[in-house]
Amino acid sequence: MAKISKWITPRLADMLGLALLLGLVWFFAALWSGTLPFTIEPVLSSKDRIAANESTSSASGIIEASNNPCGGVDRNLTEEQKVKLAPIIASEEKVHKVDVLKLFRYEKWQIIYIENYVSDEPYLFYSDDPMTSKPVAAWSGAATIYEESAIKEWTLKNVPGIPNKLASCFAWHVTPKPINR
């Protein structure tokens with residue numbers, strides 16, 4: 001038995017090494033030729049994701065407008081609003097610094113997307129003016145392309161009274177969109 005294991009052990013190591021080498025050769029050949037069965041996407045910061053999302057939104061024009069449930073939701077955010085909201089939200093959230101990244105306003109409701117430099121960037125849900133009220137709920141994390149309806153359901157369940165239109169817009173916004181290649 002000892003003779004067999006002495007003979008098999010180096011052969012197994014040789015076979016595993018060869019398999020690893022073949023796998024690496026296949027990977028780099030596929031990478032070079034562009035035939036990988038998956039895509040390699042760069043990791044983007046929250047600010048870069050917003051910029052990419054906005055450039056994609058404006059570039060896709062009519063197609064996006066027909067599929068975008070955010071029609072009628074005010075998403076304008078001025079520098080002045082950012083400056084006014086940041087210290088109030090930082091104080092509320094008990095963090096040193098906040099950058100206000102995005103705003104979604106519908107009726108009296110607002111969702112504010114912030115960078116707090118402590119955790120994943122949260123979306124804060126306000127049922128009234130954020131200058132005078134506290135958030136009703138918060139959401140942060142990542143969503144997959146298939147979770148739009150689940151996120152909308154979560155929003156309607158966990159943010160009492162939020163308008164259906166704003167919940168739909170939020171769910172649509174946080175879920176990635178397929179890229180037609």
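Lys-84 is partly exposed, at 44% relative accessibility. This is a predicted model, so keep that in mind, because side-chain atom pairs count only at pLDDT 80 or more. Lys-84 meets Glu-80 in a salt bridge, 3.2 Å from N to O. Both residues sit in helix α3, four residues apart, about one turn of the helix. Glu-80 is exposed, with a relative accessible area of 53%.

Next pair, still in α3. Glu-79 and Lys-82 form a salt bridge. Their closest N and O atoms are 3.3 Å apart. They are three residues apart in the helix, so about one helical turn separates them. How accessible is Glu-79, and is it buried or exposed? Glu-79 is exposed, at 54% relative accessibility. Lys-82 is partly exposed, at 23%.

How many salt bridges are there in total? The count comes to three. The remaining pair is Asp-74 with Arg-105, at 2.6 Å from N to O. This pair links distant parts of the chain, 31 residues apart. Asp-74 is in the loop between α2 (46-67) and α3 (79-93). Arg-105 is in strand β1, residues 99-106. Both ends are partly exposed: Asp-74 at 28% relative accessibility, Arg-105 at 22%. As background, side chains of opposite charge can pair when their charged atoms come close.

Now α3 itself. The helix has 15 residues. From first C-alpha to last it reaches 21 Å, close to the 21 Å expected at 1.5 Å a residue. Where is the kink? Look at Leu-85, shortly before the proline Pro-87. The kink there is about 30 degrees.

Leu-85 is also one of the buried residues of α3. The others are Ala-86, Ile-89, Ala-90 and Glu-92. Note Glu-92 in that list. What covers these buried residues? The cover includes β1, β2 (109-115) and β3 (123-126). After the helix comes Lys-94, with a positive phi near 55 degrees.

On to the strands. β1 is mostly covered, with six of its eight residues buried. β1 and β2 pair in the antiparallel sense, over seven bridges. Arg-105 comes back here: its bridge partner in β2 is Gln-110. So Arg-105 has a salt bridge to Asp-74 and a strand partner in Gln-110, while its accessible area of 22% counts as partly exposed. The hairpin of β1 and β2 has two residues between the strands. Glu-107 in this hairpin takes a positive phi near 55 degrees.

Last topic, the cores. The largest nonpolar core has 22 residues. Which residues have the most contacts inside it? They are Ile-111, Tyr-123, Phe-125, Trp-139, Ile-162 and Phe-170. The elements giving two or more residues to this core are β1, β2, β3, β4 (137-139) and α5 (164-174). α5 gives the most, with seven residues.

Take Ile-111 and leave aside its neighbours within four places in sequence. Ile-111 is then in contact with Lys-102, Leu-103, Phe-104, Tyr-123, Leu-124, Phe-125, Ile-162, Leu-166 and Phe-170.

Apart from this core lies another, of 12 residues. Among them are Leu-85, Ile-89, Val-100 and Ile-114. Leu-85 and Ile-89 are familiar from the buried residues of α3. Leu-85 also marks the kink.

That is the tour.

Conventions:
Residues are numbered from 1 along each chain as its sequence is written. This is a predicted model: local features need pLDDT of at least 70, side-chain atom pairs count only at pLDDT 80 or more; totals for chains, interfaces and linings use all residues. Side-chain values use heavy atoms; hydrogens and water are left out. A salt bridge is a side-chain nitrogen of Lys or Arg within 4 Å of a carboxyl oxygen of Asp or Glu. Buried means under 20% relative accessible area, exposed over 50%, partly exposed in between (1.4 Å probe, protein chains only). The expected span of a helix is 1.5 Å times one less than its number of residues. The bend at a residue is the angle between axes fitted to the seven residues ending there and the seven starting there. Contact means heavy atoms within 4.5 Å. A nonpolar core is a set of buried Ala, Val, Leu, Ile, Met, Phe, Trp, Tyr and Cys residues joined through side-chain atoms within 4.5 Å. Two strands pair if DSSP finds at least two bridges between them.
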